[in-house]
Amino acid sequence: FRPETRMPLTPQELEALHARLRALRVRVGGAVSDRLHRHGLESHEDAALPNRREDTDDDAAAESATTMDIAHVARDAEELAVVDAALGRIAAGDYGECVDCGEDIARERLSANPSAARCTECQERSERAAMVARRTRA
């Protein structure tokens with residue numbers, strides 16, 4: 001086990017991570033656009049998920065396909081929001097600092113996940129809290 005390295009990013013490291021985030025934003029944004037325009041609609045105003053009832057006469061299959069379409073778009077929209085938040089932190093000058101404790105996020109963590117907003121410890125704490133909240137709602 002190698003301990004995480006917590007030091008401010010160099011300008012070169014920051015620029016490399018910034019470039020990766022911009023590329024990820026283009027890729028994920030393109031995936032959303034492709035999914036919303038896949039069925040022949042060209043303009044932004046016409047973007048929508050396909051009407052799966054036109055693809056089949058099986059209502060259960062159409063409902064399942066629609067549910068999957070919604071899940072894919074929701075996942076991609078959430079990823080875009082996380083990437084945009086990271087790009088916003090770069091613009092604000094606080095990228096690489098944990099949003100909870102303010103400490104530097106380890107280089108290894110940012111390299112693996114450039115949109116990380118929390119250090120490993122705070123992320124684990126946040127995930128445990130979310131799990132407890134889900135259990136108490138159920």
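Helices here are DSSP runs of H or I with at least four residues, numbered from the N terminus. The model shown in every view is predicted.

**Figure 1. The whole chain contains 4 helices and 0 strands.** Follow the sequence and the pattern reads α-α-α-α. The chain has 138 residues, and 25% of them count as buried. Buried means under 20% relative accessible area, and exposed means over 50%. Now take contacts between residues at least 6 apart in sequence. Of these, 54% join residues at least 24 apart. The close-ups below pick out a pocket, one helix and a few single residues.

**Figure 2. The largest pocket has a volume of about 240 Å³.** Which helices each supply at least two residues of its lining? They are α2, residues 59-92, and α4, residues 120-137. Helix α2 gives the most, with 4 residues. The lining includes Glu78, Val82, Ala85 and Arg89. Arg109, Asn113, Ser115, Ala116, Ala117 and Arg118 also belong to the lining. Gln123 and Glu127 line the pocket too. By type, the lining residues split into 5 charged, 4 nonpolar and 3 polar.

**Figure 3. Alanine 85 is one of the residues lining the largest pocket.** Find alanine 85 in helix α2. Is alanine 85 buried, exposed or partly exposed? Its relative accessibility is 36%, so alanine 85 counts as partly exposed. Serine 115 is in the pocket lining as well. Alanine 85 and serine 115 are 30 residues apart along the chain, and 7.7 Å separates their C-alpha atoms.

**Figure 4. Helix α4 has one face lined by buried residues.** Helix α4 has 18 residues. From its first C-alpha to its last, α4 reaches 26 Å, close to the 26 Å expected at 1.5 Å a residue. Which residues of α4 are buried? They are Thr120, Cys122 and Gln123. Seen down the axis of α4, these buried residues fall within an arc of 160 degrees, so they line one face of the helix. A general rule helps when reading a helix like this. An α-helix has 3.6 residues a turn, so residues three or four places apart point the same way. The buried residues of α4 pack against α3, residues 107-112. On the other side of α4, Arg135 and Thr136 are exposed. Gln123 appears in two views: it is buried in α4, and it also lines the largest pocket.

**Figure 5. Aspartate 76 is a charged residue in helix α2.** Is aspartate 76 buried or exposed? Its relative accessibility is 6%, and the limit for buried is under 20%, so aspartate 76 counts as buried. What does aspartate 76 touch? Leave out residues up to four places away in sequence, and its contacts are Val28, Ala31 and Val32. Those three partners sit in the stretch of α1, which covers residues 11-37.

**Figure 6. Leucine 17 lies in helix α1.** Leucine 17 has a relative accessible area of 7%, so it is buried. Leucine 17 touches Leu9, Tyr95, Leu110, Ser111 and Pro114, again not counting residues up to four places away in sequence. How far apart are leucine 17 and tyrosine 95 in sequence and in space? In sequence they are 78 residues apart, and from C-alpha to C-alpha they are 10.0 Å apart. Among the partners of leucine 17, Leu110 falls in the stretch of α3, residues 107-112.

Conventions. Residues numbered from 1 in each chain as written. Predicted model: local features only at pLDDT ≥ 70, side-chain atom pairs only at ≥ 80, totals over all residues. Heavy atoms only, no water. 1 Å grid on protein atoms, 1.4 Å probe; cavity = no way out; pocket = protein on both sides within 12 Å on 5 of 7 lines; lining within 4 Å. Points joined across faces, edges and corners; volume = space filled by probe spheres on them. Expected span 1.5 Å × (residues − 1). Buried < 20%, exposed > 50% of the residue type's maximum accessible area, 1.4 Å probe, protein only. Arc of directions from axis to C-beta. Contact = heavy atoms within 4.5 Å.
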